[in-house]
Amino acid sequence: MAILNKEAAKALMQKVLSFSKADECEVNLRGSDGGNIRYARNAISTAGDISTLTLSVTSSFGKRSGTATINEFTDDALKRVVQRAEELAKLAPENPEYMPLNGPADFKDAPTFIEATAKITPDDRAEAVAKSINVAKEAKLEAAGFIENNTSFDAIMNSKGLFAYDTDTNVVFTITTRNAAGTGSGFAARGFNDVRKLDTDAATRIAAMKANSSADAKAIEPGKYTVILEPVAATYMLENMFRGLDARSADEGRSFMSKPGGGNRIGEQLMDEKVTIYSDPYHPDLPASTWNRDGLPVNKTTWIDKGMVKNLAYSRFWAQKKGVQAVSMPTNIIMEGGSASLEELIKSTEKGILVSRLWYIRMVDQQTLLLTGLTRDGTFYIENGKIKHPIKNLRFNESPVIMLNNVEALGKTERSISIESYRSYLIPPMKIRDFTFTSLSDAV
Amino acid sequence: MKRKDFIQLSAMGLGALALPKFAFGNPVDPSRFLNDGIDVKVKKQLADVALNAAKAKGATYADVRIGRYLNQFVTTRETRVQNIANTESFGVGIRVIANGCWGFAATNNVTKEEVAKAAERAVAVAKANSKVKAEPVQLAPQQGYGEVSWKTPIEINTFTVPVKDKVDLLLSVNDAALKGGVNFVNSAILAINEQKYFASTDGSYIDQDIHRLFPTFNVTKIDRASGKFETRKSLGNPVGMGYEYLSARPQDKVTGIITRYRDRYDMLEDVRNAAIDVEQKLKAPSVQPGKYDLILDPSHLWLTIHESVAHPTELDRVLGYEANYAGTSFLTLDKWKSGKFNFGSKLVNVVADKLQPGSLGAVGYDDEGVQCGQWDLIKDGVLVNYQAIRDQAHIIGLKHSQGCCYAQSWADVQFQRMPNVSLQPGKDPLSVDDMIKNVEKGIYIIGDGSFSIDQQRYNFQFGGQVFYEIKNGKIAGMIKDVAYQANTQEFWNSCAAIADKSDYRLGGAFNDGKGQPGQSNAVSHGSSTTRFNGVNVINTARKI
């Protein structure tokens, strides 16, 4: 069994620490159990089932550290792994940025573990997939999809008395349906801690509706348009920005958060006033880990407050160097929304484009966070508050920072996943003016 | 990876070195790398246990991969070592067909009992899946090879080179960059050794020892007053070679406006040049958007080949198996069947190859026990073939698989991955200088940069590392903020000249991503410098 409960993990790690002779020692124990099914052409293509359990030990003498890992758990194996970490530490070069380990802290639990998700069997997965395929067949479409569930735990303990443990469950489902002629394609993505919230039938119906309504798209001229990004599109675009919420690269002058002339943009009004972005591991709709790898508690942190840069993450080393408090990178991200539904956003739009999903987003310029990518799986032209017709996909070149300066309206925040990392976020649909499309694509 | 790590790890990527993420592995003492792992006889016994257990539970076919994956990464920035990671991952993956359906299970507990249990789990997964009715899997016949082996032909095993030597090299690279005036430099050496044992119910027992190496750096120079910064990364490649790759000989250097490298790499020389380039980039004028003739160096063109030729000729994409993730392909079966689909100009010949020495894709046998080879994909501009594995070969009328099956580790199921896909050099003698002489308004691009392409591989956009404007047959100077956009078929039909074989070089990547769950594949793409006429160039400068 790869999942140890808090007491079992604690007992094992205490035993490991008792073998340590180093100045400082940190033990990390992690395990996961999971499985997946991938399907295409209305049939299952691959499926797998994997479990892992790993113990790693980092020993330090002064500023020299070494790490060793093992997946055997006899007393002899535990002694061996500690000894090996100590040998490696003695051979390692000094790390001038070494930070002494943290002492104990009060880590609270977030409701990330759901029993029902942990109990998923290969048959449950097959049944969820069968439902999805049936919807596609009824709609005379071809389904390709993926379902993956995972149960994991993670614990750290160190020689200064710190102990933290968490366990979580996750299920991710993505579905693409296409028509036989290859002229229409639709997509839906879902991610939950609790599998009881996942309805593969309903998600596939949405993908099917998009596939059928996106067929026979018309071309429009590339250029600047008002767009309505559905949450799955907005999430993918913004994830690239969330990764840059780091003070060090900003202070070093090589991030979009760098201030011309030196320093970072904390305190600067960088985006529209409608934009507030924060992280909170205790949020009931997006529970996340309450501690980080540095052994620091993760608390609610506001990153962008009404368009102003409020915080950037400081590692313990960088915080010490700058004389500020360490700020952990977020373990989840929530963007505040408005009250409008997606339908109301469309209704309020004279001319614009509804974007269901974005695809293949890559950084073009780190300085401005200019990104390029394309629309995919349902792009529609809006005229006088109504969806007029499907349009061909378009390539964009746009920066999320510029985009969040051009916010016209935000819809209700909902749970959405990034189609690249499969992480879940709480992001609203958003209406953005002057979004820059640079070329047309024939892809469906 | 624990979700907790994701944002934390990727935060390092901005402005620093974008390093590939590896599947997983456990940190180990480097002395473990000198140990050969378990004996091949023991592997055969374990493999037979798995195959027999699968058959006993009703599998009609089974294969087992016993894998030991060694990775070493040494990463540095400026004057300090950031990380020295030595990882080892060892385990067994078992794939079966039962009730006409695939099943897979893996375990890192490599005992006869646990391997047998994993085989039984794989059969149970296949049977659970067979409840979703579908056409049974049809495997192309494959002869058993008996007990055979293959090794990457290396001169120096990177894992036997002391870590200190690697640290010394990287810190001297950083020192040269800082002396050259850059503000920041990240450098790294990544090494991979896949020790793979494959056995199947067809009667093959294949032992392979595969080596790959990737030395790289990125330099950043900042103009504090304006807040602008520019970067230039290494022009070295990831290669299917040993540590000898880092001992460049005079014949490995391609001189010209920037020195580029053929079979071996001079990292120290390249970083000195990078420091000069990044300074020039800060001062260079921004490109005027419009149509230009592009002269693309192999250090850049490999990525365009990868995205616009290699991916769309993957048969699993063509058939729809990737529809939910990477997408499908515009190179549909009807275009191939017509025998006259005009992919590119007559100059365009593209070859798939799993044998090319020094390439990342070179192996003796693929991950379903098929001996590897070479075949044409695009012949005189026409689409003639795809890349297939055993359960797809019959769909394109092949009697045998083309040997394109790969899994990134023992814990991942194998599936269709691209071989090396390379543009053949021009048949007539042509130097790069002579090619440039005929260009009136053009841009010469060296090194790969940003990349993006749609889900059917029609519309793409590429950046680069350094860009030179060509005016009336002469290089006029460096420009910046360049990206080109095109439609794949139009772009390859605008191919107007290809330099001869004396200019042929490989480029490549360790981390070509595909599949769900995602897997990385290492692959190389060769070409000589090539000219494309009248391509749309945009300006990527913005203000925030």
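## Two chains, each in two domains

The domain assignment splits chain B into domain 1 (22–283) and domain 2 (290–539). Please keep in mind as you look around that this is a predicted model.

**The two domains of chain B**

Taken over C-alpha atoms, the centres of domain 1 of chain B and domain 2 of chain B are separated by 22 Å. Where these two domains touch, domain 1 of chain B contributes 48 residues and domain 2 of chain B contributes 47 residues. On the domain 1 side, the elements giving two or more residues are β2 (61–77), β3 (80–98), β4 (101–107), β6 (184–200), β7 (204–223), β8 (228–233) and α5 (267–283) of chain B. Which of them gives the most to this side? It is β7(B), with six residues. Sorted by class, the residues on the domain 1 side of this contact in chain B are 22 nonpolar, 14 polar and twelve charged.

**The two domains of chain A**

For chain A, the assignment gives domain 1 (6–211) and domain 2 (217–444). The C-alpha centres of domain 1 of chain A and domain 2 of chain A are 25 Å apart. Their contact draws 29 residues from domain 1 of chain A and 23 residues from domain 2 of chain A. On the domain 1 side, β4 (141–158), β5 (163–179) and β6 (185–192) of chain A are the elements that give two or more residues. That side of domain 1 of chain A, facing domain 2 of chain A, holds twelve nonpolar, twelve polar and five charged residues.

**Annotated regions**

UniProt lists features from unreviewed entries on both chains. "Domain: Metalloprotease TldD/E N-terminal" is placed at residues 62–126 of chain B and at residues 25–89 of chain A. For "domain: Metalloprotease TldD/E C-terminal", the UniProt record gives residues 289–537 of chain B. The table shows how each stretch looks in the model.

| Stretch | Helix | Strand | Distance between end C-alpha atoms |
|---|---|---|---|
| Residues 62–126 of chain B | 23% helix | 65% strand | 11 Å |
| Residues 25–89 of chain A | 23% helix | 65% strand | 11 Å |
| Residues 289–537 of chain B | 14% helix | 36% strand | 5 Å |

**Chain B as a whole**

Now let us step back to the full chain. Chain B has ten helices and 27 strands. Its radius of gyration is 24 Å, close to the 24 Å that the globule rule gives for 544 residues, so chain B is as compact as a globular protein of that length. Along the principal axes, the C-alpha atoms of chain B fill a box of roughly 70 × 55 × 45 Å. How much of chain B is buried? Of its 544 residues, 60% count as such. Among contacts in chain B between residues at least 6 apart in sequence, 74% join residues at least 24 apart.

**Where the chains meet**

Chain B brings 72 residues to the contact between the chains, and chain A brings 94 residues. The side of chain B that touches chain A is made up of 36 nonpolar, 23 polar and 13 charged residues.

**Confidence**

The predictor assigns the complex an ipTM of 0.93 and a pTM of 0.95. Chain B has a mean pLDDT of 93, with 94% of its residues at 70 or more. Residues 1–16 of chain B have a pLDDT below 50, and this stretch makes 38 contacts in the model beyond near neighbours in sequence. Residues 18–24 of chain B also have a pLDDT below 50, with eleven contacts in the model beyond near neighbours in sequence.

Methods: Residues are numbered from 1 along each chain as its sequence is written. Chains are lettered from A and ligands numbered from 1 in the order in which they are written. This is a predicted model: local features need pLDDT of at least 70, side-chain atom pairs count only at pLDDT 80 or more; totals for chains, interfaces and linings use all residues. Two residues are in contact if their C-beta atoms, placed from the backbone, lie within 7 Å. Ala, Val, Leu, Ile, Met, Phe, Trp, Tyr, Cys and Pro count as nonpolar, Asp, Glu, Lys and Arg as charged, and the others, Gly among them, as polar. pLDDT is the predictor's confidence in each residue, from 0 to 100. Helices (H or I, at least four residues) and strands (E, at least two) are DSSP runs, numbered from the N terminus. The radius of gyration is taken over C-alpha atoms; the globule rule is 2.2 Å times the number of residues to the power 0.38. A residue is buried if 20 or more other C-beta atoms lie within 10 Å of its own, exposed if 12 or fewer, and partly exposed in between; C-beta atoms are placed from the backbone. Domain bounds come from an automatic or database domain assignment. UniProt positions are given in the numbering used here, feature names are shortened, and annotations may be inferred rather than shown by experiment.
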